Amino acid sequence: MEEMTISQVSRSLGISTRMLRYYEKAGLISSSRREGYSYRIYDEQAVSRMKQILLLRKLRIPVRQIAIILNNTNAVAAIEIFRQNMEELNEEITALSTIRDILNHFVEELSKSTELPLKTLITQDDTFLAAIESLNLISINFKEEQSAEKLKKADETLSKINDVRIIYLPPVTVAAAHYIGDEPEWNANFLVDNFVKESSLGKIKPDLRRFGFNHPNPVDETGYHGYEAWVTIPDDMEVPEPLEKKQFAGGLFAAHMIAFGNFNEWDAFLEWIMKSESYEFAGDLQDQEHMCGLLEEHLNFYNHIGQSEIELEHLQLDLLMPIKEK
């Protein structure tokens, strides 16, 4: 197989170039550069390894554990990790089985009388009440053990967005850093983070917020693109070059939280707005230059100021989509 550019790999595997960069930064894959050619290229081994990573991610194996599995020729580490994840799934399956039994009991009892209040039904049976109270408020991912043949269907079902929040972002002044080229996210974020530390912005504005978006989106087969990073600042604050002072108009947004790296959930998020009965997209789908008005917010940024290294897998982001009521 010939070497492939980052965009070619992205298209062939159905993942974003940003995800590829994330997995490379996490040390799971590697790329190279030809002499006189500044873009990343991936060989057959890297593409094959990427396919393994995607399979393990669909099985809900965390990135840190994937690194252990792929970097060990001995099967012992993989077996231990798989067993650990199976135990967690068994707990979820047990919880689901309990929920199913309780719901079935409710159906049977309510079918006897359409006027039976739910409150009365629950209090009639202390056993079921105790069972309900024993359930953890956990995210249930699997209804039953899935075979490899059902994995794709399961992944599609589990990727549906069901935790969207509707929020209002107020108008704010921001310091913006824009970078086009290789590692645009890293370079733009570095400029903003360095400004935050040097200006002691966290002390001046403890309610600061951190945003970013592609600027522009990838436009050719190389995957080369730009990124713009923002941090909110006081209205009267000046910013040093190459940063720019800008005004963000704010507005109504739909918000969906992800763990860092799960940028593929943008697709499911956009599908959510297409099916929403109450809201519609308020961005500009033609404006690829500014990611159509979509934003990403680095949550809990205040506590991360000054940290030399952040565990990326523990970092949380809000995907933000401009919306309006129908």
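Pro-216 lies in the loop between strand 5 and strand 6, and I will start there. A cis peptide bond joins His-215 and Pro-216, with omega at about -5°. This is a predicted model, so please take that geometry as computed. There is a second case further along: Glu-241 and Pro-242 are also joined by a cis peptide bond, omega about 5°. Pro-242 is found in the loop between strand 6 and strand 7. For background, most peptide bonds are trans.

Some general figures before I go on. The protein has 326 residues, of which 39% are buried. The model contains twelve helices and eleven strands. Mean pLDDT is 80, and 78% of the residues reach 70 or more. The stretch to treat with caution is residues 137-148, where pLDDT stays under 50. For that stretch the model has 17 contacts beyond four places in sequence. As for contacts in the protein between residues at least 6 apart in sequence, 70% of them join residues at least 24 apart.

Now strand 6 itself, residues 225-233. Nine of its nine residues are buried, so the strand is largely enclosed by the rest of the structure. Both faces are covered. On one side sit His-225, Tyr-227, Ala-229, Val-231 and Ile-233. On the other are Gly-226, Glu-228, Trp-230 and Thr-232. Note that the buried set includes Glu-228 and His-225.

Which strands pair with strand 6? Strand 4, residues 172-181, is one of them, and nine bridges join the two in antiparallel fashion. Ile-180 has Gly-226 as its bridge partner in strand 6, and Gly-181 has His-225. Strand 5, residues 210-214, also runs antiparallel to strand 6, with five bridges between them. In that pairing, Gly-212 stands opposite Ala-229.

Strand 4 has a further pairing, with strand 7, residues 244-248. Those two are antiparallel as well, and five bridges join them. Ala-175, a residue of strand 4, stands opposite Lys-245 in strand 7.

Let me stay with Ala-175. Is it buried or exposed? Ala-175 has a relative accessible area of 0%, so it counts as buried. Its C-alpha atom is separated by 5.6 Å from that of Trp-230, although the two residues are 55 apart along the chain. Leaving aside neighbours within four places in sequence, Ala-175 is in contact with several residues of strand 6, among them Ala-229, Trp-230, Val-231 and Ile-233. Its other contacts of this kind are Val-192, Phe-195, Val-239, Leu-243 and Glu-244.

Next, the N-terminal helices. The axes of helix 1, residues 6-13, and helix 2 come within 9 Å and cross at roughly 105°. The two helices are therefore roughly perpendicular to each other. From helix 1, the residues involved are Ile-6, Ser-7, Val-9 and Ser-10; they meet Thr-17, Leu-20 and Arg-21 in helix 2. By class, this contact has three nonpolar, three polar and one charged residues.

Helix 2 runs over residues 17-25 and is mostly covered, with eight of its nine residues buried. The buried ones include Arg-18, Arg-21 and Glu-24, along with Met-19, Leu-20, Tyr-22 and Tyr-23. Just after helix 2, Gly-27 takes a positive phi of about 85°.

Helix 4, residues 63-70, is likewise mostly covered: six of its eight residues are buried. These are Val-63, Gln-65, Ile-66, Ala-67, Ile-69 and Leu-70. What covers them includes helix 2, helix 3 (44-58) and helix 5 (75-112).

Last, backbone phi. Most residues other than glycine have a negative phi. Which residues depart from that here? Arg-60 is one of them: not a glycine, yet its phi is positive, about 65°. Arg-60 is found in the loop between helix 3 and helix 4. With a relative accessible area of 27%, Arg-60 is partly exposed. Asn-300 also has a positive phi, about 55°, and is not a glycine. Asn-300 lies in the loop between strand 10 (295-298) and helix 12 (301-304). At 45% relative accessibility, Asn-300 is partly exposed too.

Conventions. Residues numbered from 1 in each chain as written. Predicted model: local features only at pLDDT ≥ 70, side-chain atom pairs only at ≥ 80, totals over all residues. Heavy atoms only, no water. pLDDT = per-residue confidence, 0-100. Contact = heavy atoms within 4.5 Å. Buried < 20%, exposed > 50% of the residue type's maximum accessible area, 1.4 Å probe, protein only. Pairing = 2+ DSSP bridges. Axes fitted to C-alpha atoms, helices over the stretch in contact; angles between N-to-C directions. Parallel < 35°, antiparallel > 145°, perpendicular 65-115°, else oblique. Nonpolar A, V, L, I, M, F, W, Y, C, P; charged D, E, K, R; others polar.
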